Amino acid sequence: MTSTTRLTVAQALVRFLAAQYTERDGVRQRLIGATWGIFGHGNVAGLGQALVEYADDMPYHQGRNEQSMVHAAVGYARQSNRLSTHAVTTSIGPGATNLVTGAALATVNHLPVLLLPGDTFATRVADPVLQQLELPYAGDVSVNDCLRPVSRYFDRVTRPEALIPAALQAMRVLTDPVETGAVTLALPQDVQAEAYDWPDEFFAERTWAVRRPGADPAELAEAVRVIRAADKPLLIAGGGVHHSRAEEALDEFARATGIPVASTQAGKGSLRHDHPQDVGGVGHTGTATADELARQADLVIGVGTRYTDFTTASNTLFTGDGVRFLNLNIAPFDGHKLAGLPLVADARSGLQELTEALQMHGHRVTDTYAGEYTLDKERWEQRVDACYEAEEPDVRPTQSQVLGALDALVDESDVIINAAGSLPGDLHKLWRARSRDQYHVEYGYSCMGYEIPAAIGVKLAAPERNVWALVGDGTYLMMPTEIVTAVQEGIAIKILLVQNHGYASIGGLSESVGGERFGTAYRYPAEDGTYTGAPLPVDLAANVASLGMRVLRAKTVRDLRAALAQARAADTPTCVYVETDIADTVSAGPPPAQAWWDVPVAETATRPSAVKARELYERHVSTRRRHL
């Protein structure tokens with residue numbers, strides 16, 4: 001007879017989650033490292049009580065905003081190579097719908113997170129309850145259904161016994177390197193508190209093996225053939241290189257073949273910046289070196305990338321005669337993009353197999369090709385030096401000089417986190433990544449507000465590392481609340497808060513497309529109604545301090561260097577606040593975009609700025625290419 005234990009659904013779920021493990025390459029770790037929670041009706045009597053009941057088995061973190069709790073869990077998961085993550089529980093209603101943005105970010109970036117929102121009564125004995133959405137045409141829909149399109153797996157547990165298959169399916173998806181993303185188990189509040197006799201096998205330790213599939217022999221042979229036939233191949237490293245821990249395999253491939261390696265935002269750091277084959281970021285925010293190689297390439301080898309429009313410059317970048325694509329990806333969906341030859345395999349396994357096969361043929365690019373990209377790389381590094389250099393240390397820094405000051409201070413142990421604004425473009429072009437996981441820029445969803453909670457998640461996963469959240473004033477105002485969590489738990493993250501009085505990135509984009517920077521500055525209205533008056537007297541440093549974090553103000557380059565060094569040495573949460581100078585000259589600011597990005601411009605307009613922008617837009621559109 002099967003032995004059972006009588007527990008509530010919530011208690012059973014917590015015990016089950018505490019017994020789940022992943023294993024890859026012989027390394028085993030917990031799948032759900034902790035649970036974040038904000039409690040209200042819908043989870044306080046269910047999961048809230050269960051987390052108290054089993055506090056020794058399941059660590060708990062108190063959040064301040066539901067979206068930011070998901071961001072913290074995602075930061076933890078990325079730093080843990082997707083082998084461990086956190087769960088997030090909320091009340092019904094606004095608490096649950098606040099998860100949607102975080103869930104979308106996780107799913108877009110293929111990063112695992114478990115969402116456990118409360119839900120309305122399954123029995124409907126009290127109907128409608130507080131915060132319940134009533135739809136006349138559907139009685140079984142709640143606000144949690146908003147999470148369906150942004151979840152890789154969704155289930156609503158309306159009976160206790162339904163938890164068993166739902167929980168097992170949730171773990172399967174979380175640990176699948178192809179399917180992973182946000183997983184949602186909606187939990188009606190009455191069901192959470194309901195008791196059931198659970199088979200003890202449900203609580204036994206379970207290890208989920210994370211696969212490393214190798215390449216199909218026929219696909220591998222064809223891949224080797226097209227690489228050997230290429231005169232100017234270019235490899236593009238995407239986030240899949242990091243997820244697979246394929247950095248060493250990529251290093252061996254690049255050194256053996258001499259093929260240059262460019263990187264997407266998610267793939268940057270796959271090779272160190274000083275690796276002889278690393279040519280920097282590619283695409284709209286890429287380096288001149290990488291983008292020129294992309295234009296000339298006759299073969300593009302995509303490894304773990306999904307080819308977003310920033311990478312392809314909206315399909316205007318890869319314009320070489322007869323250019324072909326070879327896509328090494330664990331996901332067949334991405335392997336077939338751009339009409340490419342698929343090589344469906346784990347990134348590390350596939351690169352190792354390619355290297356071995358190409359070495360058998362003694363294949364390597366020509367010395368002429370290697371010499372060309374090496375010289376171009378040296379020229380680009382000189383441009384980076386010029387952007388970072390501050391000849392006058394007692395003046396307000398530019399944003400590039402802010403990055404230069406940080407670049408001069410950090411070593412390979414530091415982690416740099418960013419997601420939105422003008423900083424991702426500058427970082428992709430300029431930052432010199434020193435280790436495989438130093439560069440943490442979330443650009444799949446580019447979610448404002450991600451940086452601070454993600455830094456907390458990364459620091460929890462790697463407490464020995466210095467973790468920097470780089471945020472502009474616009475991003476900071478979106479979601480500063482988890483500063484309180486960092487202070488409460490003594491999580492010594494570093495925040496570099498850059499004040500440039502508005503949405504600098506979108507302001508520049510607006511100007512380029514005829515929008516005249518409308519609605520992008522944080523300023524008082526002028527007489528004509530536009531926001532072009534004096535800057536607002538907002539003191540963000542004081543706001544940070546009011547939340548309990550130590551703040552170091554820097555007015556000049558010299559101040560900034562000292563403040564950054566002081567913050568790096570601190571063992572408590574610390575913020576460096578700096579107001580930047582908006583550089584008007586190319587020499588003082590970052591290099592302009594080296595490739596286009598498609599943002600449609602008004603087809604008809606009377607204002608000269610929009611008319612001119614449309615003319616330029618049509619010239620770029622004419623260079624777009626469909627790869628068939």
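**Helix crossings and cavities**

Q: How do helix 3 and helix 5 cross, left-handed or right-handed?
A: Helix 3 goes past helix 5 in a right-handed crossing. Keep in mind that this is a predicted model.

Q: OK, and what's the angle between helix 3 and helix 5?
A: About 25°, with the two axes 7 Å apart. Helix 3 covers residues 66-79 and helix 5 covers residues 100-108.

Q: What do you call that arrangement of helix 3 and helix 5?
A: Angles under 35 degrees count as roughly parallel, so helix 3 and helix 5 are roughly parallel to each other.

Q: Which residues make the contact?
A: On the helix 3 side you've got Gln67, Val70, His71 and Val74. Helix 5 brings Thr101, Gly102, Ala103, Leu105 and Ala106.

Q: How many of those are nonpolar, polar or charged?
A: Five are nonpolar, four are polar, and there are no charged residues in the contact of helix 3 with helix 5.

Q: Switching pairs: what about helix 8 and helix 14, at what angle do they cross?
A: Roughly 60°, and their axes come within 10 Å. Helix 8 is residues 217-229, and helix 14 is residues 347-360. The two are therefore oblique to each other. Helix 8 passes helix 14 in a right-handed crossing.

Q: Who's touching whom there?
A: Leu220, Ala223, Val224, Ile227 and Arg228 come from helix 8, and they meet Glu353, Leu354, Ala357 and Leu358 of helix 14. By class, that contact has seven nonpolar, no polar and two charged residues.

Q: New topic, holes! How many cavities of 30 Å³ or more are there?
A: Two, from a search of the whole structure. The largest has a volume of about 120 Å³.

Q: What's around the largest cavity?
A: It has 15 lining residues, and the closest to its centre are Asp278, Gly280, Thr287, Trp380 and Glu381. Strand 14 (278-281), helix 15 (367-388) and helix 17 (423-430) each give two or more residues to the lining.

Q: Which element gives the largest share of that lining?
A: Helix 15, with four residues. The whole lining of the largest cavity splits into five nonpolar, four polar and six charged residues.

Q: And what's the volume of the second largest cavity?
A: About 40 Å³. Its lining includes Ile92, Gly93, Asp119, Gln131, Gln132 and Ser142.

Q: How does the lining of the second largest cavity divide by class?
A: Three nonpolar, seven polar and one charged.

Conventions
Residues are numbered from 1 along each chain as its sequence is written. This is a predicted model: local features need pLDDT of at least 70, side-chain atom pairs count only at pLDDT 80 or more; totals for chains, interfaces and linings use all residues. Side-chain values use heavy atoms; hydrogens and water are left out. Axes are lines fitted to C-alpha atoms, for helices over the stretch in contact, and angles run from 0 to 180 degrees between N-to-C directions. Angles under 35 degrees count as roughly parallel, over 145 as roughly antiparallel, 65 to 115 as roughly perpendicular and the rest as oblique. A crossing is left-handed if the near helix is turned anticlockwise from the far one by less than a right angle, and right-handed if clockwise. Contact means heavy atoms within 4.5 Å. Ala, Val, Leu, Ile, Met, Phe, Trp, Tyr, Cys and Pro count as nonpolar, Asp, Glu, Lys and Arg as charged, and the others, Gly among them, as polar. On a 1 Å grid over the protein atoms alone, a cavity is a set of points where a 1.4 Å probe fits but cannot get out, and a pocket is an open set with protein on both sides within 12 Å along at least five of seven lines; lining residues have an atom within 4 Å of a point. Grid points are joined across faces, edges and corners, and a volume is the space filled by probe spheres set on the points.
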